[in-house]
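Let's take a walk through this structure together, one step at a time. Keep the picture open beside the text, and look up each part as we come to it.

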Amino acid sequence: MDGIHDLGGMDGFGHIEEDENNSLFHAYWEGRIFAIAEILSNNHTIPNSDAFRHAIERMDPVEYLTGGYYGRWLAGISTLLNEHGIVPHSETQHLLSRLSEIAPTVRSLTSDPVWSGINDTPADATDCRRAVPHPPKFSLGDRVCTTNKVSSSHTRLPRYARAKQGNIHKHHGGWVYPDSNAHGLGENPQHLYTVSFTGDQLWGCDADPSIVIYLDLYEPYLEKVKP
Amino acid sequence: MSKKSDHPQALRTEALETLLIQKGILNTQQIDAIVKSYEENVGPMAGAQMVARAWVDPKFKSAMLKDGKWAMSQLGIKGAEAQHLEIVENTARIHNVVVCTLCSCYPWAVLGLPPNWYKQPAYRSRIVKEPRTVLGEFGVSLGEDVEIRVWDSSAEVRYLVLPQRPSGTENLKESELARLVSRDAMIGVGIVKNSQYR
């Protein structure tokens, strides 16, 4: 989808501000929503990371830009929990109106059972590598052109690399296809390639001649360019 | 850090946490454990260990460039967000830098959670279009003859930059070298310096 999340190549965002505060979480709630998302993903309460990314992409664009990184996580998680009927927005709203009437210092979470899990470093919950039933269409060095097909659904082909020519740099085997998986349409595994693009191909003839951009692109995004 | 707050995002998070606990889907201790684990155990030292080992052991380095996951396993590094890890090597003629323009994909297992600037629109929009200028702003000035390779993490492959070993470090031990390797150098927006000569 042509969303606000697809930022590559946009102008106007100004200087990059390096962190003065190097701490991991800049507010208590940021750590909480991060961990909540990890748990909901690991116990499969939310479908998969593709659906999570797509929920974030569907945010109001102003909120996307102003809410911060963990604000985006909060929005994505809230959307998925609502859409899957686990925590409807109405329940959250109802509780919010109650919480805001009680001072933060005296609020406490209710009926919290004791948990005796191990606190290992979180491991990979999922591995998205899959066998693909057909051989790869492209070989290293092949000249390919990316698709110009635009839909309002999830994709991992950034706008700045649409309808551009590049070269196959590497083949990574088969992977779950986000464009299907984000929408509950199955894993539909596809071959994945790293494709290299020169600066002038992406940004026109005035581009820095000594830059190369590499993207990881799924086979359906690519067509072979006839020599 | 003060815990509870009436900031709208804090309140909404607290409401979600409360409701999820009431529904028996998760509990406070699980959340505490994950926050603690990332704050205390997961960070760029894992990546720095890999870099330092590669600098002192050419066989390890060539194997690591072929298979980043193998190198992680050799050093006992586990963790999320590195199903497949590619190591890209800086040389005198090639400089690599990593981004995720679509969200903020980042190799958590080897670098911890990403810094704020990595997740902000300014970095994500500009680094693919004007990397030389952006790197200059980070204090990395590269000659015109240096090719800049920008890796946009648009799938589940994650990238780690193998920086150049600074000169004058021939006598340093692997563990001393690891301490010189910064997070920024492994994203590609920094250069490793020999702090002995700073």
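**A tour of two chains**

Half is an easy figure to start with: of the 198 residues of chain B, 50% count as buried. Please keep in mind that what you see is a predicted model. Its scores are ipTM 0.95 and pTM 0.94. For chain B, the average pLDDT is 93, and 97% of the residues score at least 70.

Let's stay with chain B for a moment. It holds 11 helices and 4 strands. If you draw a box around its C-alpha atoms along the principal axes, the box comes to roughly 60 × 35 × 35 Å. The domain assignment splits this chain into domain 1, covering residues 8–40, and domain 2, covering residues 45–197. The centres of these two domains of chain B, taken over C-alpha atoms, are 32 Å apart. How do the contacts within the chain relate to the sequence? If you take the contacts in chain B with a separation of 6 or more, residues 24 or more positions apart account for 71% of them.

Now turn to chain A. It has 7 helices and 5 strands, and along the sequence they follow the pattern α-α-α-α-α-β-β-α-β-α-β-β. Of its 227 residues, 37% count as buried. Among contacts in chain A between residues at least 6 apart in sequence, 66% join residues at least 24 apart.

Chain A is also divided into two domains: domain 1 spans residues 28–106 and domain 2 spans residues 143–224. Their centres, again taken over C-alpha atoms, are separated by 30 Å. Where these two domains of chain A touch, domain 1 gives 7 residues and domain 2 gives 5 residues. On the domain 1 side of that contact you will find 2 nonpolar, 2 polar and 3 charged residues.

One helix of chain A deserves a stop of its own. Is helix H2 of chain A, residues 49–57, mostly buried or exposed? All of it is tucked in: 9 of the 9 residues are buried, so this helix is largely enclosed by the rest of the structure. You can check them off one by one in the picture: Ser49(A), Asp50(A), Ala51(A), Phe52(A), Arg53(A), His54(A), Ala55(A), Ile56(A) and Glu57(A). And what do the buried residues of H2(A) pack against? Their partners are helix H1 (28–42), helix H4 (69–83) and helix H6 (178–181), which belong to chain A as well.

Next, let's see how the two chains meet. Their contact takes 76 residues from chain B and 74 residues from chain A. On the chain B side, the elements that give two or more residues are helix H1 (8–22), helix H2 (28–40), helix H7 (116–119), helix H8 (121–126), helix H9 (131–137) and strand E3 (147–152). Which of these gives the most? That is H1(B), with 14 residues. Sorted by class, the side of chain B that touches chain A has 34 nonpolar, 22 polar and 20 charged residues.

Strand E3 of chain B is a good place to look more carefully. With strand E4 of chain A, residues 211–218, E3(B) pairs in the parallel sense over 5 bridges. Within this pairing, Ile213(A) stands opposite Val150(B), and Val212(A) stands opposite Arg149(B). E3(B) also runs parallel to strand E2 of chain B, residues 94–99, and 6 bridges join the two. Here His95(B) stands opposite Ile148(B). How enclosed is E3(B)? Since 5 of its 6 residues are buried, the strand is largely enclosed by the rest of the structure.

Finally, follow the strands from one side to the other. They form an open sheet of 7 strands with mixed pairing, in the order E5(A)-E1(A)-E2(A)-E3(A)-E4(A)-E3(B)-E2(B). The edge strands are E5 of chain A, residues 222–224, and E2 of chain B, each of which pairs on one side only. From one strand to the next, the twist averages 35°. As you trace these strands, it helps to remember that in a regular strand the side chains alternate between the two faces of the sheet.

Terms used:
Residues are numbered from 1 along each chain as its sequence is written. Chains are lettered from A and ligands numbered from 1 in the order in which they are written. This is a predicted model: local features need pLDDT of at least 70, side-chain atom pairs count only at pLDDT 80 or more; totals for chains, interfaces and linings use all residues. Domain bounds come from an automatic or database domain assignment. pLDDT is the predictor's confidence in each residue, from 0 to 100. Ala, Val, Leu, Ile, Met, Phe, Trp, Tyr, Cys and Pro count as nonpolar, Asp, Glu, Lys and Arg as charged, and the others, Gly among them, as polar. Two strands pair if DSSP finds at least two bridges between them. A residue is buried if 20 or more other C-beta atoms lie within 10 Å of its own, exposed if 12 or fewer, and partly exposed in between; C-beta atoms are placed from the backbone. Axes are lines fitted to C-alpha atoms, for helices over the stretch in contact, and angles run from 0 to 180 degrees between N-to-C directions.
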